[in-house]
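Please open the model in your viewer, with the sequence panel beside it, and keep a selection tool ready. The tour below moves from one selection to the next and says what is to be found at each stop.

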Amino acid sequence: MAPKLSLLLPVACLILFVVHVEARPAPDAFGDSDNGFYSLFVFGDSFADTGNLPKRHLSEQSREWYYPYGRDRGNNRPTGRFSNAMVQSDLIAQMLGRHEAPPTYRRVDNYVHPHGMNFAAGGSGVFKLPSGAPTLDKQVDHFRDLVQDGTITRRNLRNSIALVAVSGNDYSRLANVTDIGKMIKFVDEVTSEIAKQVHRLRNNGASKILVNNLHPVGCTPWVTRPGNYSGCSSTGNMGADLHGSNLEQKLSHLDYVFHVDLKTAFSNIVNPDQGSKHDVSKQFKHKMQPCCESFDPNGYCGQKGDDGKDMFSVCSNPDKYFYWDDVHPTEAGWKAVMQQLEDPIKKFLGIN
């Protein structure tokens, strides 16, 4: 996913109207991919990014490097994650027995860590966007280059897992489009490009691939704030359904792909059906209101005024909030989502 205007604006618009890599030497010892050793390669946007974007002057696009982001990590310092602590890719890595997501592509100079690599970058999409973040295609290019120059070995790929976390940033192109036919066509183009990159990952050696569908964007704080966080936008969630159904149709026949159903897992928490048996929703007192809230509806978490004063408020108990900011879940929120998906993901991966 990406910063608010890169992620939610795109999807919200769909919703409201629709429905430099050099050859790198291989490391001396890369580890054995057999006997339960898994390498994780991560692609996508801010739902999975763990620090690929450079730290710059504070802005909506660089806020993940400033307080209060990372506030609840071990050293209480921002790590480039769009959360108070961990994000989805960290929790996938923990399913594989790791402490956190593998090192980012930006930070590794001359080798790939045995645990894998994270190529995801906040604000990215399948097509070029104003954020300038590398597209999904470019991220897969980086992966391909490391495979071709031998840095990522066949042994390392034998039990490799790829996570593709694309969360809707491309839909910013629909901001001024009112033709439903054109919207539907663009959804097909976006999902077709995701499917194309999934095939490229497989052709370059990824053994199994986890692909996110679109979360219920109609329930995100940025969409629900005008109504005082009292309810989701049904038309917004219809947009997420359209994206999800298109993507599933393109990938469901591939036995090496697992459809990560964020739509259902998020909904079980923030918008559960009446009579739902999912107690996970009860964990969060605040299901739509974010822990970190900007004073200005068009502002962002971490924003400061010209006088240097904070232009946001931040809660003291993030475990009671599903959302961290106006787009991204808290660590507690992510854990509640991934706990629902852990058993089917492990079954697909063949992990006990």
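What follows is a walk through a predicted model, beginning with a strand and its neighbours and going on to aromatic rings, disulfides and a serine.

**The strand β3 and its neighbours**

Begin by selecting residues 160-165, which make up strand β3, and show their side chains; the strand is mostly covered, with six of its six residues buried. If you look along the strand, you will find S160, A162 and V164 pointing one way, while I161, L163 and A165 point the other way, and all of these are buried. This fits a general pattern, in that side chains of a regular strand alternate between the two faces of the sheet.

Next, add residues 39-44, strand β1, to the selection: β1 and β3 pair in the parallel sense, over six bridges. To see one place where they meet, pick S39, whose bridge partner in β3 is S160.

Then select residues 208-212, strand β4, which runs parallel to β3 and is joined to it by four bridges. Here the residue to pick is K208 of β4, which stands opposite I161. With both strands still shown, add residues 180-203, helix α5, and you have a β-α-β unit made of β3, α5 and β4, which is right-handed.

**Charges over rings**

Stay with K208 and bring in F348: K208 lies over the face of that ring, at 5.3 Å from the ring centre. A second arrangement of this kind can be shown by selecting R202 and Y256, where R202 lies over the face of the tyrosine, 4.3 Å from the ring centre.

**Aromatic pairs**

Now display the aromatic side chains, among which the structure holds 15 aromatic pairs. Select F43 and F143, whose rings form an edge-to-face pair, 5.6 Å centre to centre and with 90° between the planes. F43 belongs to strand β1 and F143 to helix α3 (residues 136-148), so this pair ties together parts that are 100 residues apart in sequence. Both F43 and F143 are buried.

Move on to F322 and Y323, where the ring centres are 4.8 Å apart and the planes stand at 90°, so this pair too is edge-to-face. Is F322 buried or exposed? F322 is buried, since its relative accessible area is 0%, and Y323 is likewise buried, with a relative accessible area of 0%. Widen the selection to F47, F266, F284, F322, Y323 and W334, and you will see a cluster linked by ring pairs.

**The disulfides**

How many disulfides does a search of the whole structure find? The search finds three. With the bonded cysteines numbered in sequence order, the pairing reads 1-2, 3-6, 4-5.

Select C219 and C232, which are joined by a disulfide with an S to S distance of 2.0 Å; the link is right-handed, with 110° about the S-S bond. C219 sits in the loop between β4 and α6 (221-224), and C232 in the loop between α6 and α7 (234-251), so that the pair links distant parts of the chain, 13 residues apart. Colouring by accessibility sets the two cysteines apart: C219 is buried, at a relative accessible area of 0%, whereas C232, at 24% relative accessibility, counts as partly exposed.

Next take C291 and C315, also joined by a disulfide with 2.0 Å from S to S. The torsion about this S-S bond is about -95°, so the disulfide is left-handed. C291 is in the loop between α8 (262-270) and β6 (292-294), while C315 is in the loop between β7 (312-314) and α9 (331-349), 24 residues apart. Both C291 and C315 are buried.

Finally for the cysteines, select C292 and C301, whose sulfur atoms lie 2.0 Å apart in a disulfide. The torsion about the S-S bond is about 100° here, so this disulfide is right-handed, and both C292 and C301 are buried.

**The last stop, S62**

End by selecting S62, in the loop between β1 and α2 (88-95). S62 is buried, with a relative accessible area of 3%. Where does the side chain of S62 reach? Add H57 to the selection, and you will find that the side chain of S62 reaches the backbone oxygen of H57, at 2.8 Å.

Definitions and conventions. Residues are numbered from 1 along each chain as its sequence is written. This is a predicted model: local features need pLDDT of at least 70, side-chain atom pairs count only at pLDDT 80 or more; totals for chains, interfaces and linings use all residues. Side-chain values use heavy atoms; hydrogens and water are left out. Buried means under 20% relative accessible area, exposed over 50%, partly exposed in between (1.4 Å probe, protein chains only). Helices (H or I, at least four residues) and strands (E, at least two) are DSSP runs, numbered from the N terminus. Two strands pair if DSSP finds at least two bridges between them. A crossover is right-handed if, with the strands pointing away from the viewer, the path from the first strand over the helix to the second runs clockwise. Rings of Phe, Tyr and Trp (its six-membered ring) pair if their centres lie within 6.5 Å; planes under 30 degrees apart count as stacked, over 60 as edge-to-face and the rest as tilted. A charge sits over a ring if NZ of Lys or CZ of Arg is within 6 Å of the ring centre and within 35 degrees of the ring normal. A disulfide is a pair of cysteine sulfur atoms within 2.5 Å. A polar contact is a pair of N or O atoms within 3.5 Å; within protein, one must be able to donate a hydrogen and the other to accept it, and residues adjacent in sequence count only if both atoms are side-chain atoms.
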